[in-house]
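Trainee: Got a minute to go through this one with me? I'd like to pick at a few spots and see what holds up.
Mentor: Sure, put it on the screen and ask away.

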Amino acid sequence: MERMQEVVGRARAAFNSGRCRSLEFRMQQLKALERMVQEKEREILAALKADLNKSEPNGYSQEILSVMMELALAMDKLPSWAAPQPVKRSLLTRRDKSYICPEPFGVVLIIGTWNYPFLLVMQPLVGAIAAGNAVVVKPSEISENTARLVAELLPQYLDQELYPVVTGGVPETTVLLNQRFDHILYTGNSAVGKIVMAAAAKHLTPVTLELGGKNPCYIDKDCDLAVACRRITWGKYMNCGQTCIAPDYILCDPSIQSKVVENIKATLQEFYGEDVKSSPDYERIVNKRHYKRILCLLEGQKIAHGGETDEATCFIAPTILTDVSPESKVMEEEIFGPVLPIVPVESVDKAIEFINGREKPLALYVFSNNKQLIKRVISETSSGSFIGNDVIMHFFLTTLPFGGVGNSGMGAYHGKHSFETFSHHRACLINDLKMEGTNKLRYPPGSQKKVDWAKFFLLKRFNKGRVGLAILALLGIVAAVVLAMMVRHISLDGAGQDLMCPLM
């Protein structure tokens with residue numbers, strides 16, 4: 001407990017010193033982080049290999065590349081992101097200076113996860129640093145080699161007080177969550193997400209929860225099955241199925257189920273060869289607990305392909321299940337492994353009904369040549385993201401927010417969205433002490449005339465062109481002059497009455 005208090009206390013004191021507020025300092029830290037990734041690339045790839053059996057090409061393309069992209073974008077755009085953003089003014093605030101000023105929350109907690117243990121810590125860290133926060137980093141203890149490396153490397157490159165790393169398991173994380181933070185970003189499952197949110201609520205701390213869910217993938221009969229299945233296979237079996245936005249299950253017409261299976265089988269051979277187990281491109285389940293959990297999901301299922309396992313190496317072959325019942329165990333929880341159930345549905349109407357009958361997913365995929373069908377699924381469903389005729393690629397587009405909805409999470413990040421997530425958008429309005437007569441409209445005593453003028457200037461719909469604005473401004477000046485004259489007249493009348501009183 002005391003150690004956690006000290007870590008958070010030092011981070012808060014460092015933040016309160018003001019040194020991380022300047023853009024120059026933020027840029028220095030981002031450049032240092034970039035240098036760390038470049039100089040320690042071999043060590044990072046080795047840790048990913050040890051934790052998840054990721055090959056060097058996969059480790060770089062799945063994790064390091066996205067971090068480097070995020071860093072490059074943040075360093076390029078930070079001055080414009082952090083600049084005050086002017087806002088439109090009303091007639092009554094025409095002379096005021098009004099803008100939104102992004103400012104850091106303070107001390108942020110980032111709790112990473114184990115399936116992409118480097119990426120899902122570093123990517124939000126970039127946004128939090130860019131926004132000017134102090135950040136306590138908690139990598140997942142499950143990917144122990146990567147966690148150890150992050151704890152070793154970050155203090156060598158970043159400010160040690162502002163960006164400490166805390167390691168450990170559930171007990172350490174529980175104690176950490178008892179501390180007061182100004183924002184928490186957690187990546188993981190919904191059960192732990194609720195615990196994080198409950199802990200944050202004690203301090204009214206805002207949270208960003210990047211959770212998971214069962215991501216549906218609907219395949220229409222009107223599509224190129226070979227292309228669709230190749231893209232689905234890539235997204236499903238990447239990282240041995242341990243991806244929060246992987247297609248969790250397929251919905252398709254019974255008439256094309258066998259064709260879907262055959263196309264996925266052909267693609268698996270194209271990707272991993274005859275012996276998947278010896279392929280350098282196929283990862284492993286992270287540990288024996290998750291290995292056993294996934295095996296339990298296969299009980300009583302019809303395996304159309306795969307099913308081979310090896311507990312010693314946590315190997316589960318790419319597996320396809322057919323004619324899966326919606327009530328089966330494999331359809332109750334997020335699979336998070338290389339098992340792909342196919343649930344037959346007779347139409348897109350049934351598919352939409354099926355999707356809407358379950359928790360809102362993190363991602364929803366549809367494959368079809370019918371643009372109207374794609375638009376219909378978008379309009380009649382809800383999910384964190386929607387992708388037509390592809391999978392996962394939205395994650396790599398930094399201009400799109402990445403996040404869930406409902407049970408799949410709240411809040412979003414990536415690119416500028418990360419900066420905004422870790423910033424308080426402070427409303428600022430600056431007036432001067434001149435032309436006080438124009439403010440009589442809002443001061444007591446109230447009158448119907450004042451209400452009528454307010455309605456006229458604030459509710460009247462004027463032409464939004466320049467001529468309309470000019471007329472509006474002119475009317476405002478006239479109204480201000482009239483009001484000032486009325487007030488002056490009332491004041492003079494009152495003064496005259498005061499002078500007459502002694503004579504009466």
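Trainee: Let's start with Glu63: buried or exposed?
Mentor: Glu63 is buried, and its relative accessible area comes out at 0%. Keep in mind that we're looking at a predicted model.

Trainee: Which helix is Glu63 found in?
Mentor: Glu63 is in helix H4, which covers residues 56-82.

Trainee: And what is Glu63 in contact with, leaving aside its neighbours within four places in sequence?
Mentor: With that filter, Glu63 is in contact with Leu48, Lys54 and Asn58, plus Asn115, Tyr116, Pro117, Phe118 and Leu119.

Trainee: OK, switching to Gln257. Buried or exposed?
Mentor: Buried: Gln257 has a relative accessible area of 8%, and the cut-off for buried is under 20%. Gln257 belongs to helix H10, residues 257-272.

Trainee: What does Gln257 contact, again leaving aside neighbours within four places?
Mentor: Cys252, Thr322, Asp323, Ile342 and Pro344. There's also a distance to Val345: the two are 88 residues apart in sequence, while their C-alpha atoms are 10.0 Å apart in space.

Trainee: Cys252 and Pro344 are both among those contacts of Gln257. What is the bridge partner of Cys252 in S13?
Mentor: Pro344 is the bridge partner of Cys252. S8 and strand S13, residues 339-344, pair in the parallel sense over 3 bridges.

Trainee: How many strands form the open sheet, and in what order?
Mentor: There are 7, ordered S9-S12-S13-S8-S7-S14-S15, and the pairing is mixed.

Trainee: Which strands stand at the edges?
Mentor: Strand S9 (303-305) and strand S15 (385-388). Each has a single partner strand, so one side of each has no neighbour in the sheet. On average, neighbouring strands of this sheet are turned by 25° against each other, direction ignored.

Trainee: What does helix H9 touch when it packs on the sheet?
Mentor: H9, residues 225-237, touches strand S7 (216-219), S8, strand S12 (319-321), S13 and strand S14 (363-367). The direction of H9 makes about 135° with that of S13.

Trainee: And which strands does H12 touch?
Mentor: H12 packs on the sheet too, touching S7, S8, S13 and S14. The direction of H12 makes about 145° with that of S8.

Trainee: While we're on H12, at what angle do H12 and helix H13 pack?
Mentor: About 25°, and their axes are 11 Å apart. H13 covers residues 371-380. Angles under 35 degrees count as roughly parallel, so H12 and H13 get that label.

Trainee: Which residues make that contact?
Mentor: On H12, Val348, Asp349, Ile352 and Asn356; on H13, Leu373, Arg376, Val377 and Glu380. H12 passes H13 in a right-handed crossing.

Trainee: New topic, aromatics. How many aromatic pairs does a search of the whole structure find?
Mentor: The search finds 10 aromatic pairs. One of them is Tyr249 with Phe354, whose ring centres are 5.7 Å apart with the planes at 70°.

Trainee: Why is that pair edge-to-face?
Mentor: The planes are at 70°, and over 60 degrees counts as edge-to-face, so that's the class it gets. The pair also links distant parts of the chain: Tyr249 sits in strand S8 (residues 249-252) and Phe354 in helix H12 (residues 348-356), 105 residues apart.

Trainee: Buried or exposed, those two?
Mentor: Tyr249 is buried at 2% relative accessible area, and Phe354 is buried at 13%.

Trainee: What about Trp453 and Phe456, how are their planes set?
Mentor: The planes are at 90° and the centres 6.3 Å apart, which makes that pair edge-to-face. Both residues lie in helix H15 (residues 448-459), 3 residues apart, about one turn of the helix. Trp453 is partly exposed at 29% relative accessibility, and Phe456 is partly exposed at 28%.

Trainee: Which residues do ring pairs link into a cluster?
Mentor: Phe271, Tyr272, Tyr282 and Phe315.

Trainee: Last one: how many residues of strand S4 are buried?
Mentor: In S4, residues 134-138, 5 of 5 are buried. Ala134, Val136 and Lys138 point one way, Val135 and Val137 the other. Strand S3 (residues 107-111) pairs with S4 in the parallel sense over 5 bridges, and Val108 stands opposite Val135.

Key
Residues numbered from 1 in each chain as written. Predicted model: local features only at pLDDT ≥ 70, side-chain atom pairs only at ≥ 80, totals over all residues. Heavy atoms only, no water. Phe/Tyr/Trp six-rings, centres within 6.5 Å; stacked < 30°, edge-to-face > 60°. Helix = DSSP H or I, 4+ residues; strand = E, 2+ residues; numbered from the N terminus. Buried < 20%, exposed > 50% of the residue type's maximum accessible area, 1.4 Å probe, protein only. Pairing = 2+ DSSP bridges. Axes fitted to C-alpha atoms, helices over the stretch in contact; angles between N-to-C directions. Contact = heavy atoms within 4.5 Å. Parallel < 35°, antiparallel > 145°, perpendicular 65-115°, else oblique. Left-handed = near helix turned anticlockwise from the far one by under 90°.
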